[in-house]
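Dear colleague,

I am passing on a structure for you to look at, and my notes on it follow directly below. Please read them with the model open beside you.

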Amino acid sequence: MGHFIGRWFTLTVAAGVMVWLLPGTVIIGSSNVLALLSFALFMALINASIKPIVHVLALPITILTLGLAALVINVIFMELASWLSLAIFHTGVYIEGFWWAVIGGFIMMVINGIVSAIIGD
């Protein structure tokens, strides 16, 4: 459980940096912190449950497309986390399009790696 909380924290920080840097991502809701927490919660849940299975199933396509299928899967999961947080909690991060999600995913990957290295998760 502690690993999940650490992952949730790092994704929250990464989402905050993503929203701060990208004009194509918007926080929806009355509290910025709650919006980031809800978005990061669904990102952590998706990363822990669905994502590994989908990546294994899509491995042949990912190999054929030289990794582009993995990128598209990651973007779809970011959009799914955005939609879930907005639909369930009525607060979250709205991503305005595919390319904003691609850039946002890259930013979140870099920041997540940095924060994970700092806190030792």
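What percentage of the 121 residues in the chain do buried residues make up? The answer is 39%, and, as with everything that follows, this value was computed from a predicted model.

On the overall form, a compact globule with 121 residues would have a radius of gyration near 14 Å, and because the chain itself has 14 Å, the two agree. Along the principal axes, the C-alpha atoms fill a box of roughly 45 × 35 × 25 Å, while the accessible surface of the chain comes to about 6,800 Å², with 78% of that belonging to carbon and sulfur atoms.

As for the fold, the chain has six helices and two strands, which follow one another along the sequence in the pattern α-β-α-α-α-α-β-α. Of the contacts in the chain with a separation of 6 or more, 74% are accounted for by residues 24 or more positions apart.

One helix pair deserves a closer description. The axes of helix α5 (residues 68–89) and helix α6 (residues 98–119) come within 9 Å and cross at roughly 95 degrees, which means that α5 is roughly perpendicular to α6, since angles of 65 to 115 degrees count as such. On the α5 side the residues involved are Leu71, Val72, Val75, Met78 and Glu79, and these meet Phe98, Ala101, Val102, Gly104, Gly105 and Met108 in α6. Sorted by class, this contact of α5 with α6 has eight nonpolar residues, two polar ones and one charged one.

With best regards

How values were computed. Residues numbered from 1 in each chain as written. Predicted model: local features only at pLDDT ≥ 70, side-chain atom pairs only at ≥ 80, totals over all residues. Heavy atoms only, no water. Axes fitted to C-alpha atoms, helices over the stretch in contact; angles between N-to-C directions. Helix = DSSP H or I, 4+ residues; strand = E, 2+ residues; numbered from the N terminus. Parallel < 35°, antiparallel > 145°, perpendicular 65-115°, else oblique. Contact = heavy atoms within 4.5 Å. Nonpolar A, V, L, I, M, F, W, Y, C, P; charged D, E, K, R; others polar. Rg over C-alpha atoms; globule rule 2.2 N^0.38 Å. Buried < 20%, exposed > 50% of the residue type's maximum accessible area, 1.4 Å probe, protein only. Areas by Shrake-Rupley, 256 points an atom, 1.4 Å probe, with all protein chains shown as cover.
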